[in-house]
Amino acid sequence: MPGNLNAPYNVERFRARARRRLPRPIFDFVDGAAEDELTRGENESALRELYLWPRALMAAGKPDLSSTVCGLPLSMPLICAPTGYVGVVHPDGELAPAVAAPRLGTAAVVSSAATYSLEELGEACPAPPWFQLYPTVDHRVTGDLMERAVAIGVPVLVVTVDVPTPGKRERDLANHWTIQPQLTARNAASFAAHPAWAARLVARPRIFAKNYADERVGVRPRDVLKLLRRSTGLMQPTVDWDDLAWIRRTWPDKLLIKGVLRPDDARRAIDIGADGVIVSNHGGRQLDGTPASIRALPAVADAVGQEADVLLDGGIRRGSDVVRALALGAKACLIGRPWVYGLAVGGTAGVQAVLEVLRDEIERTLILLGCPAARDVDAGYVSAARSFTTAQAPIAAPLSRVGVSRLGFTRSLDRRPRDQVDDARLGGVAGGGHLRLGSRR
Ligand SMILES: Cc1cc2nc3c(=O)[nH]c(=O)nc-3n(C[C@H](O)[C@H](O)[C@H](O)COP(=O)(O)O)c2cc1C
């Protein structure tokens, strides 16, 4: 795929090709979100509300894209998010990002609902992947998974906290593609119309969450439904902060909490001992109607960004989106659907191609901004778009004090020390308050 002139050159093109290659129920399972899909749309559109402000003639050269998360070096501020059950998309499934991301010097988080078991991943991956799990009331289940993750050398555990129950995904309901997928006439026709996909799936069926098998080898086809039910049964509305604290005490290595939108929750996660938080609404697949994750980011960065890593997940479709998130306090971003579109298009090579496209876009954006390094991106490079006539350039007023709170972004973007800010001029901006964002460490 890399070097192929016919290869898609942006994420939207990967999506379009994935749509053609996958049967409708499978594409909708990946692409869809909860209820009216408001949050899914918001995630993407809110990012585009942030204008980029290039600095001219900076002689910045080829930018350094590297970042660190949990103290681990990454070649770029982009990580593959955990997505479960994507063995239905392509047999490479969740293994694909775990192989492709390290090739590019970055990381992938593998879902506990992966169609590859931890042991299979341990054998097949060039480096142990990061691993995601859901907190459970029954600590034996999470304890067992953590032990197995330790055994294969997982360096970072990601605990997802926004799934007390599965979201209502209405495209899946329309397609009869739920916990008990039904072979309706329409589904059968859609599968038959995609013979290449069907042939791959029949040759190497991967449609269940292997980590939840009792017997870790030799799962029979008739166990599949049982395993699916067991894995979704782990999404429990009774889990609480004590369960998370128990995970923290038990997990010996780095810990990230995924699915936080509120600064008070972020604070609590860090107080419990997490190394960072992933600001996320699960790509709009859980509670529909939450704000875009990028809108929640500044307040979370403000609350915990000085002492912990803050990451952004949801709606990233361009390298410039990553740069926007860095400007608002993220150390790195995660992509979910984009790498799964790549998986549909070309298996592991397709995932690698998506990562390369985004890496090139991040690099180009930094060069065009006149910014020498990803770690140097700050609020001075962005402003919130209000309207054509009121967008303020940095020369007219410090760019960083554009009143984003009135636009739905929850904090002023000013990250300069208070004593460098002209207080008189700041009065009346951003609701009269000067709120300094925590800078990335
Ligand atoms: C098909 C699919 C399966 C997912 N499965 C999981 C999962 O098992 N665990 C999890 O924490 N998040 C899961 N997610 C959410 C992603 O980790 C991520 O939060 C989301 O996709 C980010 O939004 P984006 O797709 O706009 O990048 C899944 C997302 C998709 C699209």
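Visitor: When do two strands count as paired, and what is the strand order of the open sheet in this predicted model?
Guide: Two strands pair if DSSP finds at least two bridges between them. In this predicted model, an open sheet of 8 strands is built with parallel pairing. Its order is S4-S11-S10-S9-S8-S7-S6-S5.

Visitor: Which strands are the edge strands of that sheet?
Guide: An edge strand here pairs on one side only. That holds for S4 and for the strand at residues 109-110. The edge strands are S4 and S5.

Visitor: Over how many bridges does S4 pair with S11, and which residue of S11 stands opposite cysteine 80?
Guide: Strand S4 covers residues 78-80 and runs parallel to S11, with 3 bridges between them. Within this pairing, isoleucine 79 has leucine 334 as its bridge partner. Cysteine 80 stands opposite isoleucine 335.

Visitor: Which residue of S11 stands opposite leucine 311?
Guide: S10 (residues 309-313) also pairs with S11 in the parallel sense, over 3 bridges. In S11, the residue opposite leucine 311 is alanine 332.

Visitor: What is the handedness of the β-α-β unit made by S10, H14 and S11?
Guide: S10 and S11 are parallel strands. Helix H14, residues 319-327, belongs to the unit together with these two strands. The β-α-β unit is right-handed.

Visitor: Are the residues on the two faces of S11 buried or exposed?
Guide: On one side of S11 (residues 332-335) are Ala332 and Leu334, and on the other are Cys333 and Ile335. Both faces are covered. All four of these residues are buried.

Visitor: Why does isoleucine 335 count as buried?
Guide: Isoleucine 335 is found in strand S11. The cut-off for a buried residue is 20 or more other C-beta atoms within 10 Å. Isoleucine 335 counts as buried because its number of C-beta neighbours inside 10 Å is 28.

Visitor: What separates the C-alpha atoms of isoleucine 335 and alanine 108?
Guide: Along the chain, these two residues are 227 residues apart. In space, their C-alpha atoms are separated by 9.6 Å.

Visitor: Which helix gives the most to the largest nonpolar core, and where does this core lie?
Guide: The largest nonpolar core has 121 residues, and Cys333 is one of those with the most contacts inside it, along with Leu157, Val277, Val279 and Val300. Helix H15 (residues 337-369) gives the most, with 15 residues. Domain 1 (11-169 + 232-369) and domain 2 (378-432) both give residues to this core, so the core lies between domain 1 and domain 2.

Visitor: How do the residues around the ligand divide into nonpolar, polar and charged?
Guide: The ligand is surrounded by 24 residues, the closest being Gly84, Ser111, Gly283, Gly336 and Arg337. The shell divides into 8 nonpolar, 12 polar and 4 charged residues.

Visitor: What is the phi of glutamate 35, and what is that of glutamate 37?
Guide: Most residues other than glycine have a negative phi. Glutamate 35 lies in the loop between helix H2 (24-31) and helix H3 (38-48), and glutamate 37 is in the loop between H2 and H3 as well. Glutamate 35 is partly exposed, with 16 other C-beta atoms within 10 Å, and glutamate 37 is partly exposed with 17. The phi is positive in each case, about 45 degrees for glutamate 35 and about 60 degrees for glutamate 37.

Key:
Residues numbered from 1 in each chain as written. Predicted model: local features only at pLDDT ≥ 70, side-chain atom pairs only at ≥ 80, totals over all residues. Near = placed C-beta within 6 Å. Nonpolar A, V, L, I, M, F, W, Y, C, P; charged D, E, K, R; others polar. Buried ≥ 20, exposed ≤ 12 C-beta atoms within 10 Å, placed from the backbone. Helix = DSSP H or I, 4+ residues; strand = E, 2+ residues; numbered from the N terminus. Right-handed = clockwise from strand over helix to strand, strands pointing away. Core = buried A, V, L, I, M, F, W, Y, C linked by C-beta atoms within 7 Å. Domains from an automatic or database assignment.
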